[in-house]
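Colleague: Could you walk me through this one? I'd like to talk about the pockets and then the sheet.

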Amino acid sequence: MMRPRPAAAIAIFALMACSAAIFARSQPDIAGENGLWLSVTDDSVVVHWLTAIPAAGSLAVATPTDTARFSTPAGQAHRAVLSPAPAGPVTLQYGSADALHTTFVDLTPVPRRAAILAAVDSLYIVGDTHGDMAALTTGLTAAGLIDEGLAWTGGRRHLVFAGDLTDRGPDVLRLLWFVYRLEREAAEAGGAVHVLLGNHEIMVMLSDLRYVHPKEAQVAELHGASYQQLFDVRESFLGRWLASKPAVVRTGDVLITHGGVTTETARLPLQAFDDTLAQYMGEDLFHRWADTTFHPALDSASYQVREDFFWGPRSVFWHREYVQSDTLATELDQVLTEWGASILVVGHTAVPQIEARYDGRLIAAHTRRYGAELLLLARAPAGWERYRITADGPPERF
């Protein structure tokens, strides 16, 4: 069985490593959550962090009952092993003596998120963000979902990220830690933040690293790791967190995914589709997709099913045809009927501004500037009202 993408990705990563070395001369911001990586096993947690300049490292790990402290030699890359692994919530304070950063992490095993959510009266959806922290936080602030300190102020409101948080931009790690924190803060306030997987999350997990930003590649290089290791679905905290996410959700009669849903995909019930995603991501093949020496115990047909599931042009991660065509009304209606929805919201395919297609049954939510607009769906007696939210003015109904 041939797996051409990982082989190509290895060569591409070598080129990116060279680019990262050149990019390092500009001293990008690699400290704090820009460079935080937790690798996790059954009995230990390794905290990896970077300092902006070579310095002695400092780490404090606070649990509800105790605080452990670590010091590391001078350098830019630091690591400390927590063994046995602490259970439950911990607060990490890390950096150097004169530049400390704080991140909350819950080390309780991550539960899988359901694909079918409770109905809500208003729903905020953001398309592809691609590591553009500045654009994302500007948009969330304009929507009243966060304050100037980037804390959740959305109360009981619900926010959905429609995939592609990774790749392209310079602040992927920081953005993911930010969204991870927003999940907890929103839940504590009675609201919710939902994250969907896009094709770029799958690409990074499977070592297709063509679109990794040089700064992000430099972070992995300083840690002495491949970029894929930072998101490994078994051995990275953020990788495990992402692997718990669905690729499609339905809340009430609104269906949301990254690329699109075809009639072939909708032959399965929605929850069964998500169960299949969880099964495939838990297999050794997914974990070792980039390892060309690994030969999965699958026949060629079973392997092809998985290849098409994650990489096929009509998979939920890659499908573009609804946005690129206006002739698929019949297929769209069949999908909506099968999965109990009246609207499908997608990202992935860039449009100048958030717009509705197919008489409002499809909404394209990925704008060309990542995260520059948010979609607000507000329930009204006659159906859903649609609004674009930007930093330039009040919500615009469309």
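Modeller: Helices (H or I, at least four residues) and strands (E, at least two) are DSSP runs, numbered from the N terminus. This is a predicted model, where local features need pLDDT of at least 70 and side-chain atom pairs count only at pLDDT 80 or more, while totals for chains, interfaces and linings use all residues. Residues are numbered from 1 along each chain as its sequence is written, and side-chain values use heavy atoms, with hydrogens and water left out.

Colleague: Which elements each supply at least two residues of the lining of the second largest pocket?

Modeller: Strand E5 (99-106), helix H3 (172-188), strand E9 (192-195) and H6 each do so, and H3 gives the most, with four residues.

Colleague: And which residues lie nearest its centre?

Modeller: Of the 20 residues lining the second largest pocket, Arg 113, Tyr 180, Glu 183, Arg 184 and Trp 241 lie nearest its centre. A pocket here is an open set of points on a 1 Å grid over the protein atoms alone, where a 1.4 Å probe fits, with protein on both sides within 12 Å along at least five of seven lines, and lining residues have an atom within 4 Å of a point.

Colleague: Now the sheet: what is the strand order?

Modeller: Six strands form an open sheet in the order E6-E10-E11-E12-E14-E13, with mixed pairing, where two strands pair if DSSP finds at least two bridges between them. Strand E6 (116-117) and strand E13 (355-357) are at the edges, each with a single partner strand, so one side of each has no neighbour in the sheet.

Colleague: How do E10 and E11 run?

Modeller: Strand E10 (residues 248-251) and strand E11 (residues 254-257) run antiparallel, joined by four bridges, and Val 249 stands opposite Ile 256 in E11.
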